[in-house]
Amino acid sequence: MAHIKVETVDLNDWQEESYEKGAGKWDISRNGQEVIQKKNGKPTLFYSPFNVFNTKVSGKISVGNTGDDDFIGFALGFHPGDTTNSSAKYLLVDWRKGQQKRWGKLAKTGLAVSLVDGIPKDESEFWGHTGKVTELARGKTLGNKGWQKNVENTFDFVYTKTNLQVSVNGSLEIDIDGDFSEGRIAFYNFSQNNVTYKAFEKKILPSGQLQVHASSEEGVEFKNPMDTEAKIKVTPSGIWSVKDGLDITAAGKPGAYLLSHVTYTHNTPYALVAVDKRSGEVIEEISSAKTLSLKAGQIVIFKMNDEPGWYWDNKGCITVDWMVLD
């Protein structure tokens, strides 16, 4: 059986990198469980020695006594040297206490996620989420609410090739899909001092990949790898086709003429379906990323919803990436 491995993060193994030399002053506690960023300067990062795909990273962040109200946060998919790398591409999760206009650009109050693509020309692009810093989404409840000083907040990150989820104090704030890059997690500050990050841990989430061929009438079996009930996130990608040669995604072809002849008549023709092996019933259409709740030992079969006996002339396959959620 698979297990979720929990590791305490030692911040002594992390490294500083800034967009201007000396922009940050990251002081690590003797036990390596806490770091304080003490300098009010240009964008600065403090990055992990490990990559974070298919990993849950959790920890606490707070801002001490200060008269400032600028940016704190994190980066995902960061690589050492990205501050001077024209091919850099990472996600930036930043949180502002107050709204302020500077360099002709407005920095909004609240939590947001942005894509940093290349090298921003200066700090104004981080400030206004412009140029090489493109805002993708804002927090569901904290999108226009700022952090408060002397208040400790718990952040949880689950980062995969196709999805980023960010929870704050147990509430899911950011949930975006995309084609993301593997890389490190980093702490991030911009124009904000006296910021503490502490008690970070990482959980290695069991994960894997299946290939579901359109020509397989039997499909591909998947068994819950945990010895308890578990939530399994499954994400499809790729294309397949039936005998007419049309490319079809995992979402299938609604309204196709075989509607009354396909194996599962209440489901979309040619869609990827997850079928409970014991009952033979479809528990979910996997048209896009879905989360399946599976009992201990439960087996599901992934297959195309085609007409019985007519799978042999189909082509292509759908890749299913799966990951156990904590």
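This passage walks through a few strands of a predicted model and one buried threonine. Being a predicted model, its local features need pLDDT of at least 70, side-chain atom pairs count only at pLDDT 80 or more, and totals for chains, interfaces and linings use all residues. Residues are numbered from 1 along each chain as its sequence is written, and side-chain values use heavy atoms, with hydrogens and water left out.

Strand S20 covers residues 230-237; strands here are DSSP runs of E, at least two residues long, numbered from the N terminus. Six of its eight residues are buried (under 20% relative accessible area, 1.4 Å probe, protein chains only), so S20 is largely enclosed by the rest of the structure. S20 has company: two strands pair if DSSP finds at least two bridges between them, and S20 is joined to S25 (residues 290-294) by five bridges, running antiparallel. There, Lys231 has Ser293 as its bridge partner. Seven bridges, again antiparallel, link S20 with S27 (residues 315-325), where Ile232 sits opposite Val324.

Elsewhere, an open antiparallel sheet is built from four strands in the order S19-S26-S23-S24. Its edges are S19 (220-223) and S24 (282-285), each pairing on one side only. From one strand to the next, the twist averages 25° (axes are lines fitted to C-alpha atoms, and angles run from 0 to 180 degrees between N-to-C directions). S23 (residues 272-276) and S24 share three bridges, and Val275 is partnered with Val282.

Then there is Thr44, in strand S5 (residues 44-51). Thr44 counts as buried because its relative accessibility is 1%. Leaving aside residues up to four places away in sequence, its contacts (heavy atoms within 4.5 Å) include Glu16, Trp26, Phe187 and Tyr188.

Terms used:
Buried means under 20% relative accessible area, exposed over 50%, partly exposed in between (1.4 Å probe, protein chains only).
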